[in-house]
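Trainee: I'd like to go through this one and check the reason behind each label. Can we take it label by label?

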Amino acid sequence: MEGSWKGIPAVLVVLAGLAASGSSYQIIEGPKNATVVEGSEAHFNCTISQGWRLIMWTLNDVVVLSVTPTEPIITNDRFTSASYEEGGNSVSEMIIHDVKLQDAGRVKCSLQNSDRDASAFLSVQVMGELLIPRGNLIVTEDKPCNVTCHASGWIPLPDISWEIGVPVSHSSYYSGPDPNDLQSAVSVLTLTPQGNGTLTCLANMKGPNAHKSVAVNLTVVHPSWGSVDKAGASLPTWAIALLAVSLSLLLILIIVLIIIFCCCCVTGQEKKESSYQSEIRKSASVKTNETVETKVKSGSENKAYSPDEPRTTELASPAPESSESSVREQQRNRQPHQGPDHRWQRPAGSPQVSFIMASPRTVRNVTLV
């Protein structure tokens with residue numbers, strides 16, 4: 001802005017010097033519309049007949065450059081001029097360096113002391129970023145796969161295409177605005193690869209040198225390598241949910257069956273132990289009775305026997321009445337095991353034996369001599 005204000009006095013001086021002179025010159029051909037990429041140069045030409053004194057260039061109604069027959073009056077370093085002759089006419093060229101997006105608009109060429117002017121329109125394009133998010137790819141042979149290319153920050157949105165440098169059995173792509181960002185474009189390439197190669201994504205805009213590209217390497221592996229899931233290996237969501245529910249129910253059923261089996265085993269074991277203990281008791285009782293009978297018959301004492309529990313032994317007097325009472329008691333105890341015709345009687349003159357059992361497992365015989 002300071003350069004623009006410094007150039008105004010010079011323009012006023014030139015205009016004052018030319019105000020008194022008449023003009024017979026005119027604009028033969030004005031500038032033409034131009035589309036350039038941001039950061040490049042824009043060129044506009046204005047053809048004027050001989051006899052002109054001052055040419056003014058404006059951008060969006062702001063004077064950015066003035067040209068006299070001898071030299072240009074530069075107020076901004078980004079705007080310069082060039083002059084040359086063509087068919088007896090003068091051509092004035094304005095050059096805009098390092099074009100900015102805000103430079104887009106109307107460009108006008110006008111003459112001093114003339115009611116004629118000519119204008120054109122400057123369009124500025126912006127090339128943004130172009131990328132393939134996943135980078136180099138590893139895919140399965142003969143399995144369809146998708147490759148996505150994103151273009152962001154482009155004005156206007158570019159047209160995206162693909163160069164396929166791999167052997168394929170099928171390929172197709174779709175390009176359009178990104179549904180998640182209307183200021184960006186996206187292209188999805190679907191292909192069935194059969195070998196290794198390179199995929200190139202191209203973004204093009206209308207205008208010179210308005211294109212950009214990005215490439216990735218594609219590596220194909222056989223399904224048996226296991227690097228990529230086999231085709232059809234993935235299941236839909238409903239199938240995965242059903243499988244999860246089925247596995248849960250199966251696990252619960254197995255747990256219930258295990259609990260029932262354990263309960264049955266414990267119950268059976270308790271019954272076996274109860275039956276076994278009952279048999280042991282019966283066997284012990286029978287053995288005790290048999291031992292008692294055997295020892296009573298033998299009438300002798302087991303001297304090697306060591307009793308574990310206290311026991312009481314009573315020695316009866318040699319009185320005949322006590323002996324006969326003891327004999328009758330023994331006969332009553334043995335009566336259920338022997339027939340009625342076999343009775344054991346001790347002679348009247350034999351010693352008498354009397355005993356009391358403190359435990360069914362402990363028997364002690366005492367013989368009196």
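Trainee: Why is Glu 29 called partly exposed?

Mentor: This is a predicted model, so everything here is computed from its atoms. Glu 29 has a relative accessible area of 39%. Buried means under 20% and exposed means over 50%, so Glu 29 falls in between and counts as partly exposed.

Trainee: And what makes Lys 32 exposed?

Mentor: Its relative accessible area is 60%. The cut-off for exposed is over 50%, so Lys 32 passes.

Trainee: How do you know that Lys 32 and Glu 29 form a salt bridge?

Mentor: The closest N and O atoms of the two are 3.8 Å apart. The rule asks for a Lys or Arg side-chain nitrogen within 4 Å of an Asp or Glu carboxyl oxygen, so the pair qualifies. The count by this rule comes to 4 salt bridges.

Trainee: What makes Asp 103 and Arg 78 a salt bridge?

Mentor: The N to O distance is 2.9 Å, and the limit is 4 Å, so the label holds. Asp 103 sits in the loop between strand E8 and E9, and Arg 78 in the loop between E6 and strand E7, so the salt bridge ties together parts that are 25 residues apart in sequence.

Trainee: Is each of those two side chains buried or partly exposed?

Mentor: Asp 103 has a relative accessible area of 5%, so it is buried. Arg 78 is at 22%; buried needs under 20%, so Arg 78 counts as partly exposed.

Trainee: Why is the contact between Lys 108 and Asp 117 called a salt bridge?

Mentor: Nitrogen and oxygen are 3.9 Å apart there, and the cut-off is 4 Å, so the contact is counted. Asp 117 is partly exposed, with a relative accessible area of 40%.

Trainee: On to the cysteines. How do you know that Cys 46 and Cys 109 are joined by a disulfide?

Mentor: Their sulfurs are 2.3 Å apart. A disulfide needs the two sulfurs within 2.5 Å, so the pair is in. Cys 46 lies in strand E3 and Cys 109 in strand E9, so the bond ties together parts that are 63 residues apart in sequence.

Trainee: What makes that disulfide left-handed?

Mentor: The torsion about the S-S bond is about -80°, so the disulfide of Cys 46 and Cys 109 is left-handed. Cys 46 is buried, at 0% relative accessible area, and Cys 109 is also at 0% and counts as buried.

Trainee: How do you know that Cys 149 and Cys 201 are bonded?

Mentor: S to S is 2.1 Å, and the limit is 2.5 Å, so they are bonded. This pair links distant parts of the chain, with Cys 149 in strand E13 and Cys 201 in strand E17, 52 residues apart. The torsion about the S-S bond is about -90°, so this disulfide is left-handed. With bonded cysteines counted along the chain, the pattern of the 2 disulfides is 1-2, 3-4.

Trainee: Why is Cys 263 not in a disulfide with Cys 264?

Mentor: The sulfur of Cys 263 has its closest cysteine sulfur in Cys 264, at 6.9 Å. A disulfide needs 2.5 Å or less, so this is too far for a bond.

Trainee: Back to E17, then. What makes strand E17 mostly covered?

Mentor: 6 of its 8 residues are buried. One of the residues in E17, Cys 201, has a relative accessible area of 0%.

Trainee: How do you know that E17 pairs with E14 and with E18?

Mentor: Pairing takes at least two bridges. E14 and E17 have 7 bridges, in the antiparallel sense, and 8 bridges join E17 to E18, again antiparallel, so both pairs meet the rule. In E17, Thr 200 stands opposite Glu 163, while Thr 198 stands opposite Asn 217 in E18.

Trainee: Why is Leu 250 in the nonpolar surface patch?

Mentor: Leu 250 is at 46% relative accessibility and counts as partly exposed. Patch residues need over 30%, so Leu 250 meets that cut-off. The patch covers about 1100 Å² and includes Leu 243, Val 256 and Ile 260. Leu 250 lies in helix H2.

Trainee: What does the UniProt record place at residues 238–266?

Mentor: The unreviewed UniProt entry places a "transmembrane region" there. In the model, that stretch is 100% helix and 0% strand, with its end C-alpha atoms 43 Å apart.

Technical notes. Residues are numbered from 1 along each chain as its sequence is written. This is a predicted model: local features need pLDDT of at least 70, side-chain atom pairs count only at pLDDT 80 or more; totals for chains, interfaces and linings use all residues. Side-chain values use heavy atoms; hydrogens and water are left out. Buried means under 20% relative accessible area, exposed over 50%, partly exposed in between (1.4 Å probe, protein chains only). Helices (H or I, at least four residues) and strands (E, at least two) are DSSP runs, numbered from the N terminus. UniProt positions are given in the numbering used here, feature names are shortened, and annotations may be inferred rather than shown by experiment. Patches are made of residues with over 30% relative accessible area and no salt bridge: like charges are joined within 9 Å, nonpolar side chains (Val, Leu, Ile, Met, Phe, Trp, Tyr) within 5 Å. Accessible areas come from the Shrake-Rupley method with a 1.4 Å probe; for residues, only the protein chains shown count as cover.
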